[in-house]
Structure formats: structure tokens, C-alpha cells
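Let's walk through this one together, one question at a time. Have the sequence and the coordinates open as you read.

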Number of protein chains: 2
Amino acid sequence: MGQTIKAFVFDAYGTLYDVRSVENAVELAFPGRGRLITHVWRMKQLEYSWLATLMSRYEDFWCLTLRSLEYTLHSLNLSFNEQLLQDIASSYLNLTPFDDARPCLERLAPLTRAILSNGSRSMLSSLAVNSKLDRLFDHIVSVDANRAFKPAPQAYALIEAVLGVGRDEVAFVSSNGFDICGAKSFGFTVVRVARTDTANIAGSLAEMIVDDLFVFNLMRANAEALNYAADLTVGSLADIPDLFEDRGFAG
Amino acid sequence: MGQTIKAFVFDAYGTLYDVRSVENAVELAFPGRGRLITHVWRMKQLEYSWLATLMSRYEDFWCLTLRSLEYTLHSLNLSFNEQLLQDIASSYLNLTPFDDARPCLERLAPLTRAILSNGSRSMLSSLAVNSKLDRLFDHIVSVDANRAFKPAPQAYALIEAVLGVGRDEVAFVSSNGFDICGAKSFGFTVVRVARTDTANIAGSLAEMIVDDLFVFNLMRANAEALNYAADLTVGSLADIPDLFEDRGFAG
């Protein structure tokens, strides 16, 4: 981390935006099943992004979001049609930003701020506008241009191409374990946002409430046990500007 | 499927062998947590195989089996050391074959019978010998030779190279959704073994016992909603010899 950071690049889903905010839309369509469907859908959505890339059968994230929802509903023996899939999936265009997103982005100006996301260009554009965060980004980059999802290096390589910065000039911010590994392996300086307090997991374990939320957090909330760990971990995006100013890496 | 089938190629983990048979070893080490750890470990093991391949940071399946177990125990705030990881993971060398594996393999002779598995060569060799199924295979092929896990096409391409058959002469048998997609996308004739009765899932849903087993089955037991569906689905490996004899594709 001896290099000056010129650009802050953020993951969108789970980092700037709460993917679990789709639960309300799902619950309206399937009362009593909203949380379960939301958790399985998200895990399957990520799995499909990995499988499609591995098989060299890329489809954009909107398609895979629909297909993973279809898988989830079908597996639960729930009735649906294509229109309902589209209606529910459109909640991904209206995700709730985490409270710390806007203040962090505002304070990082005038440094370059960007999104690098699995989402299709259309999904990301709608999401940024609908959440009124669009003016806080210099670039919104979809992995779609290189037809490979994170953590494939082709996804991260888009940042160098689009922003015109070297990988050693980028601070990449994500809450997703696989994304942290991929970004670190690629050569970015990586900041992990620990969105879910693992002490809560321990608390649940003592009481053994092993439900879909518990399994989801077990699978998705922790740093991976792979070789590519984050350089820094923060509890909130709000900690990031000070952290980088104090260390003299940015500004 | 107009082509004569010359070789039957089986997935190992979940298809010939019950991956959930590691639960006893896990339960001995962590009483009361055996089933939960087994489920999360297996899901993470697959995830790590996909991430390592996507990142072009291949490590063999034994390493990833250890790392995914480490992730699982750490996430549950359980104490362990490297030796315990090795001891528990060695249960993957002693998985229980499903009851239908041996009779199916015996009846398919003299056709070529092979395993194509994510497992390392050493893991697969131990597993076949320990389960006394080793003499029923003409070839045991690890994806390790091409350093890419399923469903990457490089994994399936090993069958053509090692067995000397065309992809249109192979019947590939798997219970794993991602593996079915990968094999079909590659060009094999694919038989899906439906190991978990989805009617059970519906039954559980009515009673809403949403625990780790429920989420595991939801995530892993069903055919994927991607474009590459199996050609045939059977409830047991025992159905396969008759199915292919009746259709005149084999023998």
C-alpha cells in the first residue's frame, strides 16, 4: 500500500446497496416466504454468475437474476409466470442503499469514485438513478463489457481500461468474500466492509436457531479462507475517508 | 442421442458416494454440530472450487476441502488446529457409496466405466480402494490434470483425452446440478440422478422447518434453471443399465 490511491471503486450489491431489501417485494408475492426466497435467490444468483462464467456461457446479470429466482420458486413448488419473475426481479433496480454509502461517497470527492458490479449496465444505471446516488460516481462499470463475472480477472481489468489508472492506484471496497479475493488477487488494495457482526452468528449458535438467515450469513458474511485477504477491514463505509487520509494514501 | 454410447462416466461426490457420510466424523469432533458443519462445508467446498478456477488460482481439491472446512469452523467460532482439519477432511477418503452404485457398475460391464471427479488423484484413488469399487472402473480421472474444476469445459475434455472416445459417445451421470449443466454444455449425453425427493422439500415447506438441511437441499438437490438440462433423469443408478439397453444405445 505504498502507492497513492487515485480511485475508489465500490462493489454495488451488498456493499453500497442492501440486497436483502428485495425481501419486501418477494414477501408481497409470496406471503410468509419472503425472507427464505430472498436468501436462496441471492445465493443461487451468485452461483449462476460463477457457473455461466466457468462454462463460457455468459448471460447478463439480469438474465441470471431471473433464472435464479425461477430456480428458487420452482424448488419451493411455488407457482409463478414470467411476468411475476420480471416484477419481483425489478426490485433489484430499487435496492436500498446502506446509510453509510452517501456520506462516504461525498467525502471522498474529488477523488475518482466508481462502481464495478456484476449488474448489467441497465440494472446499474437504474439503481444509481433510483437511489439518487448517480451524481456521486465518476464511472459506473458493469462487468458485462468483458462478459465475465467476478472474481474473474477480466472483470477487474475493466477498471484499468475505463478509469485509466493502474491496479496499484485503486482502492477496491467490498463486503463480499469472493469479490475481496478476486480484487486482491488482481492487484487492487482491498477494503473489506464487515456488514454482519459475526458475534451475532455466535449468539445464534449458542441458541441453535439454524434457519435460512443463519445459513445465509454463515455462507456469505465472512472473509474467505483463501489466500487473498483484504488489506483493511472496516465496520462501516464511513470509516474509509479518514482511514485513507490518516495514512496519507489519498487526496 | 442417436450415437452409440461407448463409455459411462460417473461423478463421484454426491453421485456414487454420499458426501453427507462425513457427518459422523464431524459430529465426533463437534458434538451437536455435525450436520450443520457438513452442509456448510460442502457448499463452501464447491464455492471454493469455482472461485479458484475463476481467479485462475487453482489449488487441488484436497487443499480446498481443508480451506472450506477451516472457513466453516472459523465462521462458527469453533476451535481447531491443522491436524484436526486433516483428520476430519480424511473422511472424504472413506465416503459411503450409495447402495445403487455397485450393482449399476457391475451390470454396465463390459462397457467402459470411469469416474470424472473434482477430487485430487490421491483422494479418488483412496476413495475407490477404501470403498472396494476400484476394480469396477476402467479409468479414474481427476480434473487436476487440467487444473480447472467442473463445470469448466477443460475438466470434461479430459474424458476424450484419457478414454479415447468422442464426446458424443459418452453417457455422463451426475446428481449435481452444476455438473449436469457443465457436462451437457460440453456435449455429453447426460443422465441426472435425482437423489433427493423434492416432494420432501414441499412437505417440509408446509411445516416450515427451514433449517440447514432444508437450505442445503434447496440449494443443491434440484436441476438448475439454466439452458443445459439432462437428457434423462433417473431416481436410482440401478435404472441406468436397462434404460440404455432398452434404447439400443449401448452394449
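Q: Is Lys6(B) buried, partly exposed or exposed?
A: Keep in mind that this is a predicted model. The relative accessible area of Lys6(B) is 42%. Because buried means under 20% and exposed means over 50%, a value in between makes Lys6(B) partly exposed.

Q: Which residue does Lys6(B) meet in a salt bridge?
A: Look in the segment before β1 (7-10) of chain B for Lys6(B), and in the loop between α7 (153-163) and β6 (170-174) of chain B for its partner, so that the pair ties together parts that are 163 residues apart in sequence. The closest N and O atoms are 2.8 Å apart. The partner is buried, with a relative accessible area of 12%. That residue is Glu169(B).

Q: How many residues apart in sequence are the parts tied together by Asp211(B) and Arg35(B)?
A: The side chains of Asp211(B) and Arg35(B) meet in a salt bridge, 2.9 Å from N to O. Asp211(B) sits in the loop between α9 (198-207) and α10 of chain B, while Arg35(B) belongs to helix α2 of chain B, so the parts they tie together are separated in sequence by 176 residues.

Q: Which of the two, Asp211(B) or Arg35(B), is buried?
A: Arg35(B) has 26% relative accessibility and counts as partly exposed. Its partner has a relative accessible area of 17%, which is under the 20% cut-off. The buried one is therefore Asp211(B).

Q: Which residues are joined into one network by salt bridges that share partners?
A: The structure holds 34 salt bridges over all chains. Some of these share partners, and one network brings in residues of chain A and of chain B. Its members are Lys44(A), Glu47(A), Arg220(B) and Glu224(B).

Q: Are α2(B) and α10(B) roughly parallel or roughly antiparallel?
A: Helix α2 (residues 34-54) and helix α10 (residues 212-220) of chain B have axes 9 Å apart and pack at an angle of about 30°. Angles under 35 degrees count as roughly parallel. That makes the pair roughly parallel.

Q: What is the hand of the crossing of α2(B) and α10(B), and how many charged residues does their contact have?
A: As α2(B) passes α10(B), the crossing is left-handed. From α2(B) the contact draws on residues including Arg35(B), His39(B), Met43(B) and Trp50(B), and from α10(B) on residues including Asp212(B), Phe216(B) and Arg220(B). By class there are 7 nonpolar residues and 1 polar, and the number of charged ones is 4.

Q: How are α10(A) and α2(B) set relative to each other, parallel or oblique?
A: Here the partners come from chain A and chain B, and their axes come within 10 Å. They cross at roughly 40°, in a right-handed crossing. Because angles under 35 degrees count as roughly parallel, the pair is not in that class, and α10(A) and α2(B) are oblique.

Q: How many polar residues does the contact of α10(A) with α2(B) have?
A: Phe214(A), Val215(A), Leu218(A), Met219(A) and Arg220(A) meet Leu36(B), Val40(B), Met43(B), Lys44(B) and Glu47(B). Sorted by class, these give 7 nonpolar and 3 charged residues. The number of polar residues is therefore none, as the division by class has it: no polar residues.

Q: Which residues does Ala225(A) contact, leaving aside its neighbours within four places in sequence?
A: Ala225(A) lies in the loop between α10 (212-220) and β8 (232-234) of chain A. With a relative accessible area of 13%, Ala225(A) is buried. Tyr48(A), 177 residues away in sequence, is 22 Å away in space, C-alpha to C-alpha. The contacts of Ala225(A) are with Tyr48(B), Arg67(B), Glu70(B) and Tyr71(B).

Q: Which proline is joined to Lys150(B) by a cis peptide bond?
A: Most peptide bonds are trans. In this bond, omega is about 10°. The proline is found in the loop between β5 (139-142) and α7 of chain B, and it is Pro151(B).

Key: Residues are numbered from 1 along each chain as its sequence is written. Chains are lettered from A and ligands numbered from 1 in the order in which they are written. This is a predicted model: local features need pLDDT of at least 70, side-chain atom pairs count only at pLDDT 80 or more; totals for chains, interfaces and linings use all residues. Side-chain values use heavy atoms; hydrogens and water are left out. Axes are lines fitted to C-alpha atoms, for helices over the stretch in contact, and angles run from 0 to 180 degrees between N-to-C directions. Helices (H or I, at least four residues) and strands (E, at least two) are DSSP runs, numbered from the N terminus. Angles under 35 degrees count as roughly parallel, over 145 as roughly antiparallel, 65 to 115 as roughly perpendicular and the rest as oblique. A crossing is left-handed if the near helix is turned anticlockwise from the far one by less than a right angle, and right-handed if clockwise. Contact means heavy atoms within 4.5 Å. Buried means under 20% relative accessible area, exposed over 50%, partly exposed in between (1.4 Å probe, protein chains only). A salt bridge is a side-chain nitrogen of Lys or Arg within 4 Å of a carboxyl oxygen of Asp or Glu.
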